[in-house]
Amino acid sequence: MKNLFWFLLVLWFTITTLNAQEKFTLSGVISEDKSNETLIGVNIIIPELQTGTTTNEYGFYSITLPEGNYTVVISYLGFSSISENLELTQNITKNFNLIESAENLNEIIITDNIEKLSIKAPQMSVNKLSATTIKAIPVVLGETDVVKAITLLPGVTNAGEGASGFNVRGGAADQNLILLDEATIFNSSHLFGLFSVFNADAIKDLKLYKGGIPARYGGRVSSVLDIYQKEGNSNNFHVNGGIGLVSSRLLAEGPIEKEKGSFLLAGRSSYAHLFLPLFDNNNIAYFYDLNTKLSYKLNNQNSIYLSGYFGRDVFRIQDSFENTYGNSLLNFRWNHLFSDKLFSNLSLIYSDYYYGLKLNFVEFDWVSGIQNFNLKYDLKHYISNRIKLQYGLNSIYYKFNPGEINPTVETSGINPFKLTNKYAFENAIYIDNEHDISNKLALSYGFRLSTFSRLGQDALNLYENNQAVVFNNDLKIYEKAQPINTKQYKRSDVIKRFFNFEPRVSASYQLKETSSIKVSYNKMSQYLHLLSNTSSPTPLDVWTPSGKYIKPQILHQFAMGYFKNFENNTFSLEVESFYKTIKNRIDYIDGADLIANNAIEQAILNGNARAYGLEILLRKTEGKFKGWLAYTLSKSEQQTKGRTATETGINNGNWYNTPYDKTHDVSFTGSYNWNTKWEINTNFIFQTGQPTTFPNGQYVYNGISIPSFSNRNANRLPTYNRLDVSLNYTPKPTKNKGLQSSWVFSVYNIYNRKNAASINFRENRNTKSNEAIRLSIFGIIPSISYNFKF
């Protein structure tokens with residue numbers, strides 16, 4: 001018996017050793033040949049085993065295979081594919097450089113393999129746009145706009161022309177987590193929504209997650225817009241830029257040390273305000289921003305990055321009013337390779353949003369903002385070809401400045417006033433597993449455990465029954481409660497702490513080689529809230545943390561879809577349906593005062609929200625004509641019931657349309673290569689009008705006409721539609737050295753549709769009858785821009 005035990009032990013050890021010896025790991029980094037810029041999402045295919053992997057956010061890949069001879073195919077959209085025979089008898093580190101080029105003979109076979117992996121992958125509700133695609137989309141005044149580009153995707157809208165932010169699957173703009181090199185952007189717009197803060201020339205990769213969001217992301221309940229900046233060219237010095245009617249941009253990149261280190265410096269600025277004095281106009285409105293990045297490869301196991309962003313908007317009305325606001329970001333990252341199967345990234349991030357207001361006519365200044373310090377540590381463990389683990393931790397410290405007033409002159413009669421600063425600490429750990437169960441079934445599952453601590457502040461109001469809002473039974477309205485006392489806290493005290501377990505799971509089942517069905521579920525928590533009573537964010541809006549009187553928002557989202565590639569992968573079809581609920585969505589009492597309010601809890605009630613819909617995306621990805629057609633049918637509603645049987649709630653406790661509910665949303669984007677010199681681009685948008693509240697009657701009180709209103713958001717603005725066209729002209733398309741240039745001629749809103757931004761009602765002074773006044777922001781706008789690089 002004893003001998004049998006030793007025999008089985010030796011047999012087990014031998015089999016284990018042989019299995020370990022029979023499998024080896026191929027790993028490395030994939031970069032662009034000209035610039036040595038690492039590439040995200042490159043496909044590494046092993047045709048013999050019908051398996052493969054993709055590069056991560058830093059261009060790293062790892063795949064473990066049995067000992068043998070293989071064909072390794074490296075493929076990435078817009079680059080020549082590489083096919084290389086490899087004998088795998090030991091662990092191999094191999095880097096690849098891809099060259100931009102046209103199609104080759106193996107392209108169809110390679111594309112087949114790539115699309116099989118895409119169809120099989122469990123990730124759904126994700127859209128990716130390249131910088132080339134974004135630049136081709138016609139936009140207002142010819143300035144390339146990342147945010148406007150993603151609103152052409154299914155499930156994504158905004159509040160209309162001149163509106164900042166974007167809305168995903170019926171969610172509010174503050175429910176989107178916007179990341180630039182992992183740092184949080186709190187305001188994504190320049191000039192109150194005319195342009196976005198993202199310089200397309202500096203963008204390397206963009207992904208929008210609408211559902212099935214991986215556990216490494218948290219803190220928002222609608223979507224994640226994850227943008228990475230370029231690292232810079234570590235081989236040669238290059239410059240590119242563009243000159244437009246209202247703004248220009250310039251980007252310079254080059255090596256710090258050839259093939260080891262690089263820098264990138266990009267800047268943009270508008271200058272239309274410089275011409276206003278010619279028309280006796282002393283007003284000013286302009287923006288500028290700066291993107292920077294330093295990258296250095298210490299050795300084969302370690303790389304470091306330092307990236308930053310600084311942007312400001314300035315809006316001035318003569319000498320009486322000046323508004324300055326913008327984001328500042330700084331991120332230091334360290335990539336470390338523990339082994340050919342374990343990759344790590346450590347990030348130290350600082351993010352700041354500043355809002356300043358100079359009111360010279362009343363002789364005081366106003367300043368508000370939010371700062372955060374963020375520590376992230378992420379690891380990706382390539383355990384086997386079927387199991388890939390991602391895990392890590394995240395800690396964020398917040399400082400909220402709700403507002404501060406300072407007089408500009410001693411005789412102003414204004415006393416200095418400071419709203420109480422607020423502080424919070426958010427922590428999370430997560431784990432995600434990508435698991436291929438079989439050749440047809442793939443899963444992605446994990447969880448995020450988040451905690452949020454509202455830290456001590458100078459003074460906190462206390463209310464009877466812990467209710468900062470009370471209901472007046474006589475008038476049937478909500479009113480602010482009067483504090484019964486205040487409590488002082490030390491900074492280290494915890495006023496309120498929240499814990500949330502957030503499971504995430506998605507699955508894909510491959511029906512055929514070209515089609516699959518996918519399902520996903522995710523729970524997410526949001527601890528920060530944007531206080532705004534407008535349909536789109538404005539710079540004056542203030543962020544506030546969850547705490548004693550404001551609860552965190554909790555999301556549950558379910559999605560399922562059908563995905564298919566056809567016509568030799570020339571076309572792809574994505575059909576998704578979703579249903580999501582949000583608990584503790586903040587709502588405002590009627591007549592809520594949100595500006596300079598030191599007791600904001602007195603204007604807020606906690607309610608619920610829900611959204612559901614169907615999204616269809618048809619793409620054409622090959623040939624002279626490329627583009628997509630997107631359609632969304634959806635509903636977005638909110639409800640705030642009374643807390644007791646005698647309270648009416650908001651809108652009598654009934655569900656009502658959110659300001660971002662768009663029943664129908666159709667968008668078409670197309671690009672046609674007429675020849676090597678001319679390219680035609682167009683996009684068309686048709687949307688249901690935005691919900692609003694119109695008066696439904698009036699009454700006279702003491703000789704004054706007072707309007708009465710219908711239920712909240714029971715009316716709509718007229719239907720929105722618009723057609724844009726642009727022509728791209730490249731004089732010398734075959735030139736690849738020296739100065740290369742192109743011209744872009746575009747027309748925004750070509751048939752001059754006067755889309756309503758709002759409708760207001762007033763009494764006509766002459767006829768004494770009521771009339772509706774439509775406000776439209778843009779009509780037809782032609783533009784021209786010149787782009788260059790050398």
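Seven bridges tie strand E5 (residues 68-75) to E6, and the two run antiparallel. Strands here, like helices, are DSSP runs (H or I of at least four residues for helices, E of at least two for strands), numbered from the N terminus, and two strands pair if DSSP finds at least two bridges between them. Within this pairing, Val73 sits opposite Ser83 in E6. What you are looking at is a predicted model, in which local features need pLDDT of at least 70 and side-chain atom pairs count only at pLDDT 80 or more, while totals for chains, interfaces and linings use all residues. Residues are numbered from 1 along each chain as its sequence is written, and side-chain values use heavy atoms, with hydrogens and water left out.

Now step back to the sheet around that pair. E5 and E6 belong to an open sheet of four strands, ordered E3-E2-E5-E6 and paired antiparallel. Strand E3 (51-54) and strand E6 (82-88) are at the edges with a single partner strand each, so one side of each has no neighbour in the sheet. On average, neighbouring strands of this sheet are turned by 25 degrees against each other, direction ignored; the axes behind such angles are lines fitted to C-alpha atoms (for helices over the stretch in contact), with angles running from 0 to 180 degrees between N-to-C directions.

A little earlier in the chain, have a look at Ser31, which is found in strand E1 (residues 23-32). Ser31 is buried, with a relative accessible area of 6%. The scale is easy to keep in mind: buried means under 20% relative accessible area, exposed means over 50%, and partly exposed is in between (1.4 Å probe, protein chains only). Leaving aside residues up to four places away in sequence, Ser31 touches Asn36, Glu37, Thr38, Leu39, Phe96, Asn97 and Leu98, where contact means heavy atoms within 4.5 Å.

Let us move on to another sheet. Five strands form an open sheet with mixed pairing, in the order E9-E16-E17-E12-E13. Its edges are strand E9 (126-128) and strand E13 (183-184), each with a single partner strand, so one side of each is left without a neighbour in the sheet. Strand E17 (residues 223-229) pairs with strand E16 (residues 203-209) in the antiparallel sense over six bridges; Tyr209 has Val224 of E17 as its bridge partner, and Asp205 has Tyr228. Strand E12 (residues 176-180) pairs with E17 in the parallel sense over five bridges, and here Leu179 is matched with Asp226.

How enclosed is E17? Seven of its seven residues are buried, so the strand is largely enclosed by the rest of the structure. Ser223, Leu225, Ile227 and Gln229 point one way from E17, while Val224, Asp226 and Tyr228 point the other way, and all are buried.

Tyr209 also brings us to a loop. Gln123 is found in the loop between helix H2 (107-120) and E9, and is partly exposed at 29% relative accessible area. Its contacts, not counting residues up to four places away in sequence, are Tyr209, Gly211, Gly212, Pro214 and Lys518. Gln123 and Ile45, 78 residues apart in sequence, are 18 Å apart in space, C-alpha to C-alpha.

Next come the aromatic rings. Rings of Phe, Tyr and Trp (its six-membered ring) pair if their centres lie within 6.5 Å; planes under 30 degrees apart count as stacked, over 60 as edge-to-face, and the rest as tilted. This rule gives 31 aromatic pairs. Tyr398 and Phe400 have ring centres 5.7 Å apart and planes at 25 degrees, so this pair is stacked. Both Tyr398 and Phe400 are buried. Trp743 and Tyr786 make a tilted pair, 4.8 Å centre to centre with 50 degrees between the planes. That pair links distant parts of the chain, with Trp743 in strand E50 (residues 740-748) and Tyr786 in strand E53 (residues 781-789), 43 residues apart. Trp743 is partly exposed, with a relative accessible area of 32%. Tyr228, met above in E17, belongs to one aromatic cluster with Tyr58, Phe60, Tyr305, Phe343 and Tyr382.

Finally, here is the chain as a whole. The chain has four helices and 53 strands. Of its 790 residues, 52% count as buried. Along its principal axes, the C-alpha trace spans about 100 × 80 × 50 Å.
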